Amino acid sequence: MDIETYLKRDYITNLVKSGRRIDNRKLDEFRYIKLERDYCDAKAPGSTLIRLGNTKVLVGISLDVGEPYPDRPDEGVMTTSAELRPVASPIFEAGPPREDAIEIARVVDRGIRESKAIDLEKLFIEENKVWIVFIDIHVLDHGGNLIDASGIAAITALLNTRMPRYEDNTIIRGEWDGKLPVSCIPVPVTQAKISDKLIVDPCLDEEYAADAKITITTTDTINAMQKSGDGAFKSDEIERAVGVAFEKAKEIRNIIKKL
Amino acid sequence: MFMVGDGDLVIPGQLIGENVSCLDNCFMENNRVYSMVFGMVRINGRVVRVIPSLGVYTPKRDDLVIGVIINVMEGSWIVDINSPYLCRMRGEEVTKDVMNKNLSKYYDVGDRISAKISFVNEVNSCEITGPWKLIDGVIINVNPKRIPRVVGKRRSMLEILKKKTNCNIVVGQNGRIWVRSDNFDNVKLAINAIKRIEREAQSSGLTDRIEKMLENARRS
Amino acid sequence: MVKQDMKLIVDGKRLDGRRFDELREIKMSVGVLNRTNGSAYVEWGKNKILAGVHGPRELHPKYLRDPTKAVLTCTYNMAPFSVDERKKPGPDRRSVEISKVISEALGHVAVLEKYPNTGIDVFVEVLQADAGTRCASIVAASLAMANSGMPMRDMISACAAGKIDGEIVLDLMKEEDNFGECDLPVAISPRRKEIVLLQMDGKLTREEFKKAYRLAIDGAMRVYDMQKKTLIESMKIEE
């Protein structure tokens, strides 16, 4: 239990009851977003550092050539993993990813995979050889809403990922040949339920005060959904949340496109 | 002889002076005084102190602190005081019949209290006394090294904060400040002012700027 | 292209145009993270290193506590995308070794007696690597510790020297580290120029070692000046 966030819980709940938030945002407003593309461009084919309020996440894209899954021999492979680095919070420990990190990785993966943002068939090279796309989420500063920060940074990084040069069955590191084909921009939008109100992009203190959260990733359709926390939603709340998610995803998508 | 002046910033290991005396957060080697922390040098005659700009709270006797009850034991409570060191409060603070009474009826896990540090041992574990339960309101965190600035000389800054925002404010030396008012806008105003004091603590004329800021807020 | 044929010195200059005693470009800042007690960020050539300190804080499990002083640990970690070929997440043997030598270097100056029974955890994250990460890491770690208010008898500064194409040079970059003849990272306590970290791999005569070692210490002293400036300017920004 992080005592400092516990101490603010009642204050935040009371604020939200009266339609306000601890940082003066509207209930459906995202925090300040800054995206720095190609942050690690000396080594990684693709990368983006996102600042979402106080949250900082660095997503790196790596590419390698390997074997396809046996049940999908004509498709490339995409795999997502997340690490909550200890510098991001005093409660994160070094060690293999636990349930929080795994949930982030799987929800971000679902949004990108199900929207077919990457056409895995285009990653086929020849029999038994396909491109493998690694999406590595490196959480550096936990200020709340890690899923949205990670998902937005991930798709931004993918949109500008260079393909390594591949000649004579060898990857030539440091030389590039075209870009990773990405066809759409799935954006996750998380809303937290506090005292029967839904707030978009909860900061750390709000997450702690929340009963439950719902993440909805959209393009022109819904591609992924995840409810978390031990509270419950009413069905009309979920329907409202879907509408809000489409709207906010569109705003974020415009920010990404303008980069 | 001094290599730096009063009010200068120094880093760990930096030479402050020769043939002078060292009081706080500095050390001597071969008649030379070096800084042990990143902070501001204060020189009084031939005596040097370094005031750290940052750092965790270490309990000191007679400090007023704001704590959170985190455990109820047989005969005492364990209290979190925003420090690497835990703190105990004896059951005798509320009742003579410590062994037979259920202490959680007085203070339970999660309760916030203000209290005074009565005792600190050589490994920095401490005891507190004279608790007051803090009901409602909000508790914010401030760099413990900035707390003196929030209180001000002769409590001048704190009095301005209380008067101009119409809030109850209790300042804990351990970097926690409790703010309460019936009106939320007052609480938010007080918190904004306190955060600004924390940011601008090293600059001069701060008391006047804060007073102006609060006046302007009241008028609008 | 056969690797052994690679020329690292062309027309008296190194591949990136530097002189033999020239450092790569270095940028530093402190107080960059919100949830740590202290933090620092260092860009050194193409290296990008982030350091954070949690502590002094309660140490668990209890049997690890020392009633006479704080227990200091340092963990060095590389992001999977920080290198040319993706590195699997998790500590490898190299990371464990580097964590150890950095902990020992910092432990020499940290005044651990001031915080008995506590733990001080320093974390270094390599976000992008290009030779010399352990020197950059130790520079970032000591900045982060100063930024946390930790009492220290001195800062720790570091720099590497090496030998390429027969010449002793300062601050190797990646190609020079891969194809050169020696790498010598050194960390010092600048106040008394005491060595707190020293590693070497390669082939050096005693004369060459003396030259390289002096060059590395000289480089470390220059880096120390930058650390000092970074800390002092960090307070001024708040006005």
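## A residue to start with

Does C:Phe209 count as buried, partly exposed or exposed? In this predicted model, C:Phe209 has a relative accessibility of 32%, so C:Phe209 counts as partly exposed. If you would like to find C:Phe209 in the viewer, look in helix 4 of chain C, which covers residues 206–236.

C:Phe209 also belongs to a nonpolar patch on the surface, together with C:Ile195 and C:Leu198. The accessible area of these three residues together is about 230 Å².

## Where chain C meets chain B

Helix 4 of chain C comes up again at the contact with chain B, so let us turn there next. On the side of chain C that touches chain B, helix 4 gives the most, with six residues. Strand 5 (47–58) and helix 2 (133–147) of chain C are the other elements that give two or more residues to that side. In total, 32 residues of chain C are in contact with 30 residues of chain B.

How much area is buried between chain C and chain B? The value is about 2500 Å², and carbon and sulfur atoms give 62% of that area. As background, interface size is often expressed as the accessible area that is lost when the parts come together.

On the polar side, two salt bridges are counted between chain C and chain B. In one of them, the side chain of C:Arg192 meets the side chain of B:Glu29, with an N to O distance of 3.2 Å. Four residue pairs are in polar contact between chain C and chain B, counting pairs with both residues at pLDDT 80 or more.

## Where chain A meets chain B

Chain B also has a contact with chain A, to which chain A brings 13 residues and chain B brings 16 residues. About 1300 Å² is buried between chain A and chain B, and carbon and sulfur atoms account for 57% of this area.

Which side chains form the salt bridge between chain A and chain B? They are the side chains of A:Arg20 and B:Asp185, with N and O 2.9 Å apart. The count between chain A and chain B is one salt bridge. With both residues at pLDDT 80 or more, four residue pairs are in polar contact between chain A and chain B.

## A buried arginine in chain B

Is B:Arg176 buried or exposed? Its relative accessibility is 0%, so B:Arg176 counts as buried. B:Arg176 sits in strand 15 of chain B, which spans residues 176–180.

Two polar partners are worth displaying around the side chain of B:Arg176. The side chain of B:Asp80 makes a polar contact with the side chain of B:Arg176 at 2.5 Å. From the backbone, the oxygen of B:Ile66 lies 3.1 Å from a polar atom of the B:Arg176 side chain.

## Chain B as a whole

Stepping back to the whole chain, chain B contains four helices and 15 strands. Along the principal axes, its C-alpha atoms fill a box of roughly 65 × 50 × 20 Å.

Chain B has 220 residues, and buried residues make up 51% of them. Among the contacts in chain B with a separation of 6 or more, 56% come from residues 24 or more positions apart. The accessible surface of chain B is about 10500 Å², with 46% belonging to carbon and sulfur atoms.

Technical notes: Residues are numbered from 1 along each chain as its sequence is written. Chains are lettered from A and ligands numbered from 1 in the order in which they are written. This is a predicted model: local features need pLDDT of at least 70, side-chain atom pairs count only at pLDDT 80 or more; totals for chains, interfaces and linings use all residues. Side-chain values use heavy atoms; hydrogens and water are left out. Patches are made of residues with over 30% relative accessible area and no salt bridge: like charges are joined within 9 Å, nonpolar side chains (Val, Leu, Ile, Met, Phe, Trp, Tyr) within 5 Å. Accessible areas come from the Shrake-Rupley method with a 1.4 Å probe; for residues, only the protein chains shown count as cover. A salt bridge is a side-chain nitrogen of Lys or Arg within 4 Å of a carboxyl oxygen of Asp or Glu. Buried means under 20% relative accessible area, exposed over 50%, partly exposed in between (1.4 Å probe, protein chains only). Contact means heavy atoms within 4.5 Å. Buried area is the accessible area (1.4 Å probe) that two parts lose on being put together, summed over both. A polar contact is a pair of N or O atoms within 3.5 Å; within protein, one must be able to donate a hydrogen and the other to accept it, and residues adjacent in sequence count only if both atoms are side-chain atoms.
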